Amino acid sequence: MSDTGSLNLLRFSDPKIKTLHLTWFAFFLTFAVWFAHAPLLSSIQLSLSLTDAQIRALLILNVAITIPARIVVGMLVDKYGPRIIYACLLIISAFLCIGFAFATTYTSLAIFRFLLGFVGAGFVIGIRLVSEWFPAHQVGTAEGIYGGWGNFGSAAAAMLLPTIALMYGGDDGWRYAIASVGVVCGLYGLVFYKYARNTPKGSIYFKPKKTGAMEVTSWGDLWLLIAMNIPMYLALGILAWRLSPAGVNLFDESWMYIFLGVLVVLFIFQTQQTWRINADHLREGVPEMQKYSFKQVGILNVAYFATFGSELAVVSMLPLFFLQTFEGLTPVTAGLLASGFAFMNLVSRPMGGWFSDKFGRRRSMLVLIAGLAVGYFLMGLIDSYWWIPLAVLVTMACSFFVQAGEGAVFSMIPLIKRSMTGQIAGMAGAYGNVGAVVYLTVLSFVSYSTFFFVIAASALVGLVAIVFLDNPKGHITEVLPDGTVHTIDVGHK
């Protein structure tokens, strides 16, 4: 294979290609399960006589637990390996999906929707698995294919589930459609466990020495890690506020204060854990060859905040934006015009990974985040006087840079510290969700154009951060418990 990162995706006899296909389809199913409700919300609302506020609450609940889930699942993957964790996640999610499908009260519907946010952590698992199978000069392309094709699960659910519900027919057609996705997800969990392997034959699966918090290798990095945890708790606090009477009124104000209090306690506990895990080995001093720069992780978190965070936010508001901006559009037409944004995932994210493999990690990210900022600035200029095809073209061009930027971020994450790839991916993934919460909260206070301008401005902050990013070069070192030293090539070829 060539050094540019090109892959023969039809060569199923190659174990790493087989693993890539096994893994992206697992991710595809997690997103199909996670967003199976979205195209059927009108049927769900009619079936259970739900108010608009209750529907909005379901949408918020759907992403609430994903932020902490990605952190926790990242730790589990690094400790136990992707094979068992992905299989378990698929099977557990299947039961939650079926439970949601057959819920008969709003309370049970809301509980299952909240718990299904857990499935959004599936993405993190495959990042570690794919990184185990592909060399540094191909890992960006492979991770891009994994992320882009897997992400398409939500679009596939939107296209197929209304038709499947109609095929089942009757008032409960939506229930059987959603349950069908759950059944497929559970069965695939068994398939994945049977055929997937954590590493190529003869390779070592490196694990962190301790679990419970991310390990860092300098005191400065320890303080940076603690600081980087704060925005995640603030985002969860915003979600609690949006579910209170100030938002969709799912529960009263006293419950909001209880949740905020719990978040404060959890932050204190996590900070203590982080200190406990790191203090001893930092006092002893970390050997130079085992060090890594947590600054790299922090910068990639900020980049993913702007890329995936904005994608999640924009995908959820774009149909309404088109409907309210251009006269004469039907909801169906507006939805089709907006779907181009998510559709780009199939090619954009793999292209971002390939671009990163071929032209360098830092340079690629600078170009793609700059393109994202320009794209959102242009989207902020769209109004009712624009020619609709031009508006759609600008939207799709912007989405290319957004999703290619995501591919570039995750082309680099496996090259920082192999034994903690799950945790690093989990934190970056969580920051994507934090970005979505922040951007959607901004949208609740400002106009559509201001919303796009805010994203563009925040992307410029990410651009400044990326200037300080270091290109991976040479090798990273992993040390086994018996003292054996292994080096992994991460240099750009």
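How many salt bridges does a search of the whole structure find? The search finds 10, and the close-ups below visit some of them. Please keep in mind that this is a predicted model.

**Figure 1. The whole chain, for orientation.** Before zooming in, here is the overall layout: 18 helices and two strands make up the secondary structure of the chain. Along the principal axes, the C-alpha atoms fill a box of roughly 65 × 45 × 45 Å. The radius of gyration is 22 Å, which agrees with the value near 23 Å for a compact globule of 493 residues. Of these 493 residues, 56% are buried. Among contacts with a separation of 6 or more, 81% join residues 24 or more positions apart.

**Figure 2. A buried salt bridge between Glu-132 and Arg-418.** The side chains of these two residues meet at 3.9 Å, N to O. Glu-132 belongs to helix 7 (residues 122-133), while Arg-418 sits in the loop between helix 16 (388-412) and helix 17 (421-443), so that distant parts of the chain, 286 residues apart, are linked by the pair. Both Glu-132 and Arg-418 are buried.

**Figure 3. The network around Glu-132 and Arg-418.** Widening the view brings in further partners: Asp-78 and Arg-128 join Glu-132 and Arg-418 in a network of salt bridges.

**Figure 4. The salt bridge of Lys-291 and Glu-288.** Here the closest N and O atoms are 3.6 Å apart. Are the two partners buried or exposed? Lys-291 is partly exposed, at 40% relative accessible area. Glu-288 has a relative accessible area of 64% and counts as exposed, because the cut-off for that word is over 50%.

**Figure 5. Asp-470 and Lys-295 tie together separate parts of the sequence.** The two side chains form a salt bridge with an N to O distance of 3.1 Å. Asp-470 is in the loop between helix 18 (448-467) and strand 1 (475-479), and Lys-295 is in helix 12 (residues 294-325), so this pair ties together parts 175 residues apart in sequence. Asp-470 is partly exposed, with a relative accessible area of 38%. Lys-295 is partly exposed as well, with a relative accessible area of 30%.

**Figure 6. Surface and charge of the chain.** To finish, we step back out to the surface. About 20,100 Å² of the chain is exposed, and carbon and sulfur atoms supply 69% of that area. The chain carries 30 positive and 24 negative charges, and the mean positions of the two groups are 8 Å apart.

Note on methods: Residues numbered from 1 in each chain as written. Predicted model: local features only at pLDDT ≥ 70, side-chain atom pairs only at ≥ 80, totals over all residues. Heavy atoms only, no water. Salt bridge = Lys/Arg side-chain N within 4 Å of Asp/Glu carboxyl O. Helix = DSSP H or I, 4+ residues; strand = E, 2+ residues; numbered from the N terminus. Buried < 20%, exposed > 50% of the residue type's maximum accessible area, 1.4 Å probe, protein only. Rg over C-alpha atoms; globule rule 2.2 N^0.38 Å. Contact = heavy atoms within 4.5 Å. Areas by Shrake-Rupley, 256 points an atom, 1.4 Å probe, with all protein chains shown as cover. Lys, Arg positive; Asp, Glu negative; His and termini not counted. Charge placed at Lys NZ, Arg CZ, Asp CG, Glu CD.
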